[in-house]
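I am opening a notebook on this structure for a reader who has not met it before. The entries follow the order in which I looked things up.

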Amino acid sequence: MASTVSPPDVAWMLVATALVLLMTPALAFFYGGLVRSKNALNTMMMSVCALGFVGVAWALLGYTLAFAPGSAFLGGLSRALLSGVGLEAQGTIPQLLFMAYQGTFAIITAALVSGAVVERMRFGPYLAFVTLWSLLVYAPVAHWVWGGGFLAKMGALDFAGGTVVHVNAAVAALVAAVVIGKRKDYARQAILPHNVPFTLLGAGLLWFGWFGFNAGSALAANGIAALAFANTMLAPAGTLVTWTLLDLVRTGKVTAVGAATAIVVGLVAVTPAAGFVGPMAALVLGLLAAFPSYFALLYRARTRLDDSLDVVAAHGLGGSVGALLTGVLASKAWNGTADGLLFGNPAQLGIQALGLLSAIAYSGVLSFLLLKGIALVAPLKIDRQHEGLGMDVSQHGEEAYADHDGAVLILESSADAAVPLGALATEGGRS
Amino acid sequence: MKLVVALVRPEKAAEVLEALFRADVQGLTISRVQGHGGETEKVETYRGTTVKMELQEKVRFDIGVSDHFVEPTVRAVLTAARTGEVGDGKIFVLPVEKIYRIRTGEEDRAAVTPVQVVAAGRA
């Protein structure tokens, strides 16, 4: 491992870190647009607050559990509270920058889980869940693949986190949707997206940030980064085309929510493959990845599983397809590391499958125990009355789209209840 | 002929609609309104500003019905809109002097008796 810091690599990784951080607010818009207006702020806050809570947890403990030298299953505690994390080279960038870059991954991964529990999970237990989940589930799985753990030693290929990030989050999402239960209106009333343009905005910003996620995972400004960058452009384009055609053939109408979903599915699928496969292989991977997710979405809506924003169909299936196809399409001619099935190395597909199954089993069990543990302290789900009122008012005391007619200012000094109806604020200019 | 005006919680609007359709009430108008009915206020905070929301969001149903439909209509709303908490809303039944159906010029009871749609899909 090179032990000197390379300025060009530092420059690229600074940008890449900022790009990945942007993905979490982007996810807030993607998810926020898909829920009803009375739950818009709550849904967006689930992503936004992960920036804080998971970010802090990462600095205190997450980084050391994932990346400090340790066992095959977990990092040690030598870098707890960032001790010994300074400007010395980790690869060709300062370890501090490496820590920040990896932290943005922990944040977005935890925030992804929220899609399965929106419109009903109480906010306090949610914060406890994502914070502890990032330490107990995300950090160990990241260690297995990227921190020198057992999957790394076996040669599992996960370039930017198809298994570590997406399958991992999707399994936790599945478990959370089952443990917390469905929304009271689920399968009884039409629950429709309140702002599809938000969702398209979120998908666009996710794509933009994902260049940092995938190309940044080269951890250097080199050819592999360029390969991952091009693949991150091509695969979602392929998925978008397949998805659009499926929409056209099935209903005759191309949907915007479908297009936004397709972009995310393509990005998820190319994530594990980005720096390992050639550009045409990435395109094929993108084209193929649309099928399982598209039909899983249609099927899920008819089941009793209220995975509200389809984390499992988009991230779970997309990530699994990507991880397995990486084992098929990986090409040593491009990556210099390993070949896949198509290039005469069928064993790679088996290793990929083992990596997937390990993450699924671990994330499933630990997420279940964690949720049950938190449920002993505080109820996870909102009561029906407040669920009906909306999570924005009940959890945050704010509304996304209130016109605030009839809002009476409460002054610290006055007896607030004494304000007569005649003194209503008429913000809209009505009087 | 009566006009049934019902003010219900927004989160109950879908259930009320469903109950009305089940009771064969097919013609209605709804609007989003705000009102004050003595329920406890919501308190919201934006930065340093704390406000009490005196006006609550409600959904208003306007349903013109012939006399024998008043009872099932009111019963449907009463059952579907109730939570038992203050703020469930009100139902007003008002006398109506005259009703016209604009398309045909039909009057009164004929104007509020739904027609069977013959051919769907004609634009």
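I began with confidence, and noted that chain A has a mean pLDDT of 93, with 95% of its residues reaching 70 or more; pLDDT is the predictor's confidence in each residue, from 0 to 100. This is a predicted model, in which local features need pLDDT of at least 70 and side-chain atom pairs count only at pLDDT 80 or more, while totals for chains, interfaces and linings use all residues. Residues are numbered from 1 along each chain as its sequence is written, and chains are lettered from A and ligands numbered from 1 in the order in which they are written. I marked residues 416-431 of chain A for caution, since pLDDT stays under 50 there.

Next I looked up the sheet of chain B, where four strands form an open sheet in the order β2-β5-β1-β6 with antiparallel pairing; helices (H or I, at least four residues) and strands (E, at least two) are DSSP runs numbered from the N terminus, and two strands pair if DSSP finds at least two bridges between them. β2 (29-35) and β6 (89-95) of chain B stand at the edges with a single partner strand each, so one side of each has no neighbour in the sheet. The twist from one strand to the next averages 20 degrees, with angles running from 0 to 180 degrees between N-to-C directions and axes fitted as lines to C-alpha atoms, for helices over the stretch in contact. I then followed β1 (residues 2-8) of chain B, which pairs with β6(B) over seven bridges, L3(B) having L94(B) as its bridge partner.

Turning to where the chains meet, I found that the contact takes 18 residues from chain B and 17 residues from chain A, two residues being in contact if their C-beta atoms, placed from the backbone, lie within 7 Å. On the side of chain B, the elements giving two or more residues are β3 (42-46) and β4 (49-53). Strand β3 (residues 407-409) of chain A is joined to β4(B) by three bridges and runs antiparallel to that strand, and I noted K52(B) as the bridge partner of V408(A).

Last I asked which residues touch the most other members of the largest nonpolar core. In that core of 138 residues they are V113(A), A173(A) and L285(A); a nonpolar core is a set of buried Ala, Val, Leu, Ile, Met, Phe, Trp, Tyr and Cys residues joined through C-beta atoms within 7 Å, and buried means that 20 or more other C-beta atoms lie within 10 Å of the residue's own. A second, separate core of 19 residues includes V4(B) and F69(B).

Terms used. A residue is buried if 20 or more other C-beta atoms lie within 10 Å of its own, exposed if 12 or fewer, and partly exposed in between; C-beta atoms are placed from the backbone.
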